[in-house]
Amino acid sequence: MITFERHLGKSYPALQKIVEKRYLDAYPTLRIHSLIIKPTSMKIDDFTLSPSCDISLPKRALRKKKGTFVVKCGKSRHFFQYSLDGVIGVYKANHQIKKDKIIDSSDVTVTQVPFEKFYAPPVTHIGTGEMIARQHIPKGKVIIESMVAEVPAVFKHQRVRCFYKEGAVRIEFEGTAMQNGSIGETILIKKSDGKALRGKVIEKKTVEIQ
């Protein structure tokens with residue numbers, strides 16, 4: 001249920017819908033219990049939201065449950081405060097997850113927490129074998145996007161197929177990846193003689209030498 005705080009008998013359902021949509025676009029698992037919007041000035045009885053109006057509510061502002069935004073209508077600027085109450089579905093670590101570990105269902109618990117403040121968007125979906133930890137994640141920590149990455153096509157210390165191509169000439173050899181790498185990324189490769197080369201990951205366990 002969405003509720004509003006009235007200001008001098010007036011509510012702002014059009015603004016509410018816009019603010020609500022921006023939060024839900026940023027946080028798909030968010031459930032909004034209430035969203036209160038009110039003007040910061042008492043002199044706003046003549047405000048009407050029109051298609052020409054522009055709402056300034058930057059993405060970084062959506063990290064908090066309350067704040068202020070500006071509605072620009074031509075030369076006029078109208079300021080509003082808002083406060084959101086809701087819960088958000090997140091993943092929490094069941095135990096300490098080590099860096100570079102592929103995350104599976106035994107590592108995490110799906111739960112809901114009050115929406116308060118996030119320094120980065122929380123992860124909203126973790127499929128088995130789809131994510132790898134980019135850092136050590138403490139037990140009980142809400143998993144945010146910066147903590148994980150897609151499982152790379154090449155893992156550090158993995159033996160990979162390397163090739164160099166110029167015109168009709170193609171030379172292939174086996175090397176060792178010195179870094180994790182997703183498709184399209186350039187990583188460092190070490191040959192059997194110890195020489196280091198750089199190459200682009202083009203598919204699983206395959207690197208094209210630059």
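These legends go with close-up views of a predicted model.

**View 1. Five strands close up into a barrel.** Here we're looking at strands 9-10-11-12-13, which form a closed barrel with mixed pairing. On average, neighbouring strands of this sheet are turned by 50° against each other, direction ignored. The next three views pick out single pairings in this barrel.

**View 2. Strand 9 meets strand 10.** Strand 9 covers residues 159–166, and strand 10 covers residues 169–177. The two pair in the antiparallel sense, with 8 bridges between them. If you want a residue to start from, pick R161: E174 in strand 10 stands opposite R161.

**View 3. Strand 9 also meets strand 13.** Which way do strand 9 and strand 13 pair, parallel or antiparallel? This pairing is parallel, over 3 bridges, and strand 13 takes in residues 206–209. R161 turns up again here, with T206 as its bridge partner in strand 13. As a reminder, strands of a sheet pair through backbone hydrogen bonds, either parallel or antiparallel.

**View 4. Strands 12 and 13 make a hairpin.** Strand 12 (residues 196–203) runs antiparallel to strand 13, and 4 bridges join them. One pair to look for is V201, which stands opposite V207 in strand 13. The hairpin has 2 residues between the strands. K205 sits in that loop and has a positive phi of about 60°, although K205 is not a glycine. How exposed is K205? Its relative accessible area is 40%, so K205 counts as partly exposed.

**View 5. D100 is another non-glycine residue with a positive phi.** Most residues other than glycine have a negative phi. D100, though, has a positive phi of about 75° and is not a glycine. Look for D100 in the loop between strand 4 (76–93) and strand 5 (102–103). D100 is partly exposed because its relative accessibility is 37%, which falls between the 20% and 50% cut-offs.

**View 6. Three strands make an open sheet.** Just past the D100 loop comes strand 5, which belongs to an open sheet of 3 strands in the order 5-7-8, with antiparallel pairing. Strand 5 and strand 8 (148–150) are the edge strands; each has a single partner strand, so one side of each has no neighbour in the sheet. Strand 5 pairs with strand 7 (residues 131–133) over 2 bridges, in the antiparallel sense. To find your way in, start at I102, whose bridge partner in strand 7 is I132.

Definitions and conventions:
Residues are numbered from 1 along each chain as its sequence is written. This is a predicted model: local features need pLDDT of at least 70, side-chain atom pairs count only at pLDDT 80 or more; totals for chains, interfaces and linings use all residues. Side-chain values use heavy atoms; hydrogens and water are left out. Two strands pair if DSSP finds at least two bridges between them. Helices (H or I, at least four residues) and strands (E, at least two) are DSSP runs, numbered from the N terminus. Buried means under 20% relative accessible area, exposed over 50%, partly exposed in between (1.4 Å probe, protein chains only). Axes are lines fitted to C-alpha atoms, for helices over the stretch in contact, and angles run from 0 to 180 degrees between N-to-C directions.
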